[in-house]
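Trainee: Could we go through this model together, starting with the ligand site?
Mentor: Gladly; let us open it and look.

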Amino acid sequence: MTIFDKFQPLAAARQELEQHCDNFFNIVMQEIVSGTEAVVNGRPMILAGSNNYLGLSFDSACIDAACDAARKEGTGTTGSRMANGTFSGHVALEHELADFYNRLGAIVFSTGYVANLAMLSTLVGPGEIILLDADCHASIYDGCRMGGAEVHRFRHNDPQDLEKRLHRLEKRNTTVLIVVEGLYSMLGDRAPLAEIVAVKEKYGAYLLVDEAHSMGVLGANGRGLAEETGVEGGVDFIVGTFSKSLGAIGGFCVSDHPELNLVRYASRPYVFTASSSPSVVASTRMALKILREKSELRQRLWDNADMLYHKLQDLGFSMGPEPSPIIAIRLEDKAEAFALWSGLVERGVYVNLVLPPATPDGNCLLRSSVSAAHTPEQMKRICDAFTAVRQLTAMAHTA
Ligand SMILES: Cc1ncc(COP(=O)(O)O)c(C=O)c1O
């Protein structure tokens with residue numbers, strides 16, 4: 001018996017994947033050509049699986065801001081936000097985020113994962129209740145577990161199921177926090193936020209919305225699903241990340257609750273990790289400015305999203321429920337998923353292959369995501385690659 005014996009099922013799954021998908025576990029982006037292209041294992045590839053929604057990871061103003069900050073302030077803060085790790089840039093970014101969302105306050109964390117871990121483990125604890133959508137991201141589940149609150153899942157995007165559970169829990173007379181996402185990360189579908197806010201208000205619960213994938217993507221000003229749905233006033237806490245539309249790394253929470261600041265002092269994931277480096281903070285601040293000023297990026301993103309979604313639908317794939325920059329093909333057959341993924345890689349298009357249990361409904365997913373930075377020519381190459389692999393698997397089915 002060794003300490004690694006429990007990994008045997010993982011080792012078997014890995015072996016199966018390696019047999020069918022060449023180099024699956026050794027994908028290395030050897031040369032990053034732009035926000036949408038890289039040389040991967042020696043092959044030029046269009047990146048159609050990154051969350052670089054506005055294409056800002058290669059924006060020249062963001063890169064200049066990052067380089068300037070590294071020169072002036074060094075490569076890292078080498079400290080926690082609570083000790084020596086709060087530089088003026090962190091404070092300025094918090095003010096800018098609060099201003100963008102029209103909220104009283106903001107807290108910046110080192111990653112989006114840490115933001116969820118921090119907020120969920122701190123806001124609610126033993127004796128209190130979290131009701132979360134079953135399809136929520138792993139960081140939300142981990143935060144819930146860490147805080148020790150009682151956790152109940154409600155059916156994905158089902159406000160009636162949420163209400164039934166709230167009704168049952170009403171007599172417990174304790175704090176309840178509801179947690180949903182704006183755009184769900186695997187299928188790109190939206191939460192029915194107006195109905196969820198109505199239920200939340202009826203039962204006097206709190207609501208946290210993770211807008212990781214909807215910041216910069218939804219809403220007239222890019223503030224996400226709460227803005228697009230017109231229910232910002234009903235959302236107590238918005239969590240987000242800098243690793244998607246803002247093209248960097250980091251996370252945040254904004255809120256109108258004046259007590260938000262107290263979370264800093266009670267939150268282990270805020271206190272016990274180093275703060276974001278000055279270059280990351282500087283590029284994020286610049287990216288936020290661009291997000292606010294250039295709504296045309298959002299338009300370009302949606303043009304690309306609509307185009308790919310409808311193309312894949314026309315090819316007869318089983319798709320996520322609605323167009324969004326996350327475009328997922330659902331596949332019941334693992335062998336078909338492996339063949340499609342490998343065929344796309346051979347044709348120079350990289351998308352993500354996601355397998356159960358990481359998928360919401362037990363199906364395999366080929367999860368693509370588009371960017372405002374994908375050119376019409378790149379979009380055509382992505383569509384052509386899907387057309388070619390579709391023909392291959394259709395032939396295999398009829399053979
Ligand atoms: C919904 C959601 N929340 C949080 C995160 C974590 O963000 P990050 O990768 O920036 O730590 C992710 C990451 O994919 C996500 O999809």
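**The ligand and its surroundings**

Mentor: In this predicted model, a polar side-chain atom of Ser243 lies 2.6 Å from an oxygen atom of the ligand, a polar contact being a pair of N or O atoms within 3.5 Å.
Trainee: How much of the ligand's own accessible area does the protein cover?
Mentor: The protein covers 83% of the 390 Å² that the ligand has on its own, with areas taken from the Shrake-Rupley method and a 1.4 Å probe.
Trainee: Which polar backbone atom is 2.8 Å from an oxygen atom of the ligand?
Mentor: That atom belongs to Tyr113, while a polar backbone atom of Gly112 is 3.1 Å from a ligand oxygen atom.
Trainee: And which helix gives the most to the shell around the ligand?
Mentor: Helix α4, residues 112-123, does so with three residues, where a helix is a DSSP run of H or I with at least four residues.
Trainee: What about the shell by class?
Mentor: It has two nonpolar, nine polar and three charged residues, with Asp, Glu, Lys and Arg counted as charged and Gly among the polar ones.
Trainee: Changing topic, is Pro258 buried or exposed?
Mentor: Pro258 counts as exposed because its relative accessibility is 63%, and exposed means over 50%.
Trainee: Any caveats on numbering and confidence?
Mentor: Residues are numbered from 1 along each chain as its sequence is written, and side-chain values use heavy atoms, leaving out hydrogens and water. As the model is predicted, local features need pLDDT of at least 70 and side-chain atom pairs count only at pLDDT 80 or more, whereas totals for chains, interfaces and linings use all residues.

Key. Buried means under 20% relative accessible area, exposed over 50%, partly exposed in between (1.4 Å probe, protein chains only). A polar contact is a pair of N or O atoms within 3.5 Å; within protein, one must be able to donate a hydrogen and the other to accept it, and residues adjacent in sequence count only if both atoms are side-chain atoms. Helices (H or I, at least four residues) and strands (E, at least two) are DSSP runs, numbered from the N terminus.
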